Amino acid sequence: MRAVYRLTRPKCIHVFETLPETQQLVLHFRFMAQSFVSVLSAYIADTAVRGNVDAFAVRLQAAEAAIHIDCSPDADIDAASHNHLTLFADVYALMQRHSRTLDAVLAACLLRGAQHALRDIIRSILETILEFANLVGNAHRAMVDPIAGKKFDEPGAALRVEALFMKFKKTREVLVGSI
């Protein structure tokens, strides 16, 4: 999306110079696509991964602190061992907690088998955005450095932008409806 921004910013040659409606659609599509990718990336990083892993790390730090209390010479043996047992009974309990944390991350990232429908919808949206970025890049390349004997089909590319934008909108609506 950064490349699409650089190719469509106001100081650059407009990709659809003779079709101002299409140029406006390209800018609008670019904004919507960038927003979608940014929100999806932030969700995965902040909520899906960091939210689950941070909770596990806090519990792990509490267990580590309890172990250090157990090792202190003046610790009450019964209280210290009881505190340690409530955090993780043994290494297998720690392993189970880690496994549940990873399962929660996978589920939040829609990587579980049962979530394939949502995953396919998101993949379709991202493929549409990638195809749009590829189209804009190819159109810009054809306008800046035209190949001898080949003319850039601006109306055809404009129709493709409109079709991609409609596909993006419909697929996004399906995603919102299924969540």
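Which residues does E154 touch, not counting residues up to four places away in sequence? Select E154 in this predicted model and display its surroundings: V15, F16, E17, T18 and L19 are the residues touched, with those up to four places away in sequence left out. E154 is found in helix α6. Its relative accessible area is 12%, so E154 counts as buried, the cut-off being under 20%.

**Helix α6**

Next, select residues 154-178, which make up helix α6. At 1.5 Å a residue, these 25 residues should span 36 Å, and the end C-alpha atoms are 36 Å apart, so the helix agrees with the expected span. Colour the buried positions of α6: E154, A157, A158, V161, L164, F165, F168, T171 and L175.

Then move to D153, which caps the N-terminal end of α6. To see the cap, draw a distance from the side-chain oxygen of D153 to the backbone nitrogen of G156; it is 3.3 Å.

**Salt bridges**

A search of the whole structure finds three salt bridges.

Start with R160 and E131, whose side chains meet at 2.1 Å, N to O. This pair links distant parts of the chain, with R160 in helix α6 and E131 in helix α5, 29 residues apart. R160 has a relative accessibility of 35% and counts as partly exposed. E131, at 32%, is also partly exposed.

Stay on helix α5 (residues 116-144) and select D120 and R123, which lie three residues apart, about one turn of the helix. Their side chains form a salt bridge at 3.0 Å, N to O. D120 is partly exposed at 35% relative accessibility, and R123 is partly exposed at 41%.

Now go to R50 and D46, where the side chains meet in a salt bridge of 2.3 Å, N to O. Because they are four residues apart in helix α2, about one helical turn separates R50 and D46. Relative accessibility is 42% for R50, which counts as partly exposed, and 40% for D46, which also counts as partly exposed.

**A nonpolar patch**

For the last stop, switch on the surface and select Y43, I44, V49 and V53. These residues make a nonpolar surface patch of about 270 Å². Of the patch members, look at I44, which is found in helix α2 (residues 20-71). Is I44 buried, partly exposed or exposed? At 33% relative accessibility, I44 counts as partly exposed, because that category lies between the buried limit of 20% and the exposed limit of 50%.

Key:
Residues numbered from 1 in each chain as written. Predicted model: local features only at pLDDT ≥ 70, side-chain atom pairs only at ≥ 80, totals over all residues. Heavy atoms only, no water. Helix = DSSP H or I, 4+ residues; strand = E, 2+ residues; numbered from the N terminus. Expected span 1.5 Å × (residues − 1). Buried < 20%, exposed > 50% of the residue type's maximum accessible area, 1.4 Å probe, protein only. Polar contact = N/O pair within 3.5 Å; in protein donor to acceptor, adjacent residues only side chain to side chain. Patch = residues over 30% accessible without salt bridge, like charges linked within 9 Å, V, L, I, M, F, W, Y side chains within 5 Å. Areas by Shrake-Rupley, 256 points an atom, 1.4 Å probe, with all protein chains shown as cover. Salt bridge = Lys/Arg side-chain N within 4 Å of Asp/Glu carboxyl O. Contact = heavy atoms within 4.5 Å.
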